[in-house]
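Work through the exercises below with the sequence and the coordinates open side by side. Each task is followed by a solution that proceeds in steps.

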Amino acid sequence: MNGHVQSIWRHPVKGFTPEPLDQVTLAAGAYFPLDRMYAVEDGPSGFDPANPQHISKQKFTVLAKIAAVAKVRTRFDDATGLFEAAFAGKPTLQVDLHTPLGRTALEAWLTDALGDDITGPLQVLPAADRRRFTDHPKGYVSIVNLASIRDLETKIGRHVDPRRFRANIYVEGWPAWAENDQIGGPITLGGVQTEVFKPIVRCVATHVDPDTAVVDIDVVKSLFDAYGHMFCGVYVSVTEGGPLAVGEPARLGVSRPPL
């Protein structure tokens, strides 16, 4: 079952704007580079940077909790290290999230932008050690099969933007839902070897239109009604790293022969 990598994405701050990439280098046993490096606590959450543990996404400013997060447009600049945030009617913010001053500035800016949608004081949290703010503690890299989304579209009779699923890698060319049969099996992406860890159980974040911030499709119910599950996509762990570019082969259930 051969396909190809249709697009590659990262999400520097959990919940906020995904960024397309032409290529990426994946490392064995590591998370996707520069993905979910930060999260904005809508707190207090109980997160302890000195003893970091995985906590629920509902403790953060994410689409599953605050649909208006989709109205904030963000971008991380690799060259300068600056994080940019824009919101209609507000001056654009540029800060260095590596610094306490930059994180404090973003907290104040988001508090003003999101207003009554937040429930507690906001705090920008950097990921500790080699951890990331993924929805699952072992959500190293996420892959979504575009054919599966198109099949869902036929069931509900309307377009479903793939960005609702906030994956790292979107694949074209696999049969719809074939990825669900590969738990524990291999996926080869270009020269990168991965192993499927688990299917991704979807939540109400997928109900939010990524452009308008309107909650307009009950994706979770649609998945369950059509297929008897709430899966769309899989988490994989990288077993042999390397560079990966858009357009490279994506082989489902096939390992690259040893050199």
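The exercises that follow concern a predicted model, and they go from the overall fold to single residues.

**Exercise 1. Overall dimensions**

Determine whether the radius of gyration of the protein chain agrees with that of a compact globule.

Solution. Begin with the secondary structure, which consists of three helices and 15 strands. The C-alpha trace spans about 50 × 45 × 30 Å along its principal axes. For 259 residues a compact globule would have a radius of gyration near 18 Å, and because the protein chain has 18 Å, the two values agree. Two further values complete the description: buried residues make up 51% of the 259 residues, and, among contacts between residues at least 6 apart in sequence, 71% join residues at least 24 apart.

**Exercise 2. Surface and charge**

Describe the accessible surface of the protein chain and the placement of its charged side chains.

Solution. The accessible surface comes to about 11,600 Å², and 54% of this area belongs to carbon and sulfur atoms. Turning to charge, the protein chain carries 26 positive and 30 negative side chains, and the centres of these two sets lie 3 Å apart.

**Exercise 3. Helix α1**

Check the length of helix α1 (residues 100–114) against its expected span, and identify what covers its buried residues.

Solution. At 1.5 Å a residue, the 15 residues of α1 should span 21 Å, and since the end C-alpha atoms are 21 Å apart, the expectation is met. The next step is to list the buried residues of α1, which are G102, R103, L106, E107, W109, L110, A113 and L114. Their cover includes the strands β4 (38–42), β6 (83–87), β7 (90–95) and β8 (122–126). After the helix comes G115, whose phi is positive, near 55°.

**Exercise 4. Backbone exceptions**

Which backbone features are found at R36, at W177 and at the peptide bond from G43 to P44?

Solution. The point of reference is that most residues other than glycine have a negative phi, and most peptide bonds are trans. R36, although it is not a glycine, has a positive phi of about 50°; R36 is found in the loop between β3 (23–26) and β4. W177 is likewise not a glycine and has a positive phi of about 70°, and W177 is found in the loop between β10 (169–172) and β11 (186–189). R36 is buried, with a relative accessible area of 12%, and W177 also counts as buried, at 12% relative accessibility. The peptide bond from G43 to P44 is cis, with omega near 5°, and P44 is placed in the loop between β4 and β5 (73–76).

**Exercise 5. Two residues and their surroundings**

Are R10 and H207 buried or exposed, and which residues does each touch?

Solution. R10 is in strand β1 (residues 2–10), and its relative accessible area of 6% is under the 20% limit, so R10 is buried. Leaving aside residues up to four places away in sequence, R10 touches T17, P18, E19, L21, F32, P33, L34, D35, F76, D78 and N168. H207 is in the loop between β12 (192–201) and α3 (219–227), and H207 is buried too, with a relative accessible area of 9%. With the same exclusion, H207 touches R164, V214, V215, D216, I217, D218, V219 and V220.

Note on methods: Residues are numbered from 1 along each chain as its sequence is written. This is a predicted model: local features need pLDDT of at least 70, side-chain atom pairs count only at pLDDT 80 or more; totals for chains, interfaces and linings use all residues. Side-chain values use heavy atoms; hydrogens and water are left out. Helices (H or I, at least four residues) and strands (E, at least two) are DSSP runs, numbered from the N terminus. The radius of gyration is taken over C-alpha atoms; the globule rule is 2.2 Å times the number of residues to the power 0.38. Buried means under 20% relative accessible area, exposed over 50%, partly exposed in between (1.4 Å probe, protein chains only). Contact means heavy atoms within 4.5 Å. Accessible areas come from the Shrake-Rupley method with a 1.4 Å probe; for residues, only the protein chains shown count as cover. Lys and Arg count as positive and Asp and Glu as negative; His and the chain ends are not counted. The place of a charge is taken as NZ of Lys, CZ of Arg, CG of Asp or CD of Glu. The expected span of a helix is 1.5 Å times one less than its number of residues.
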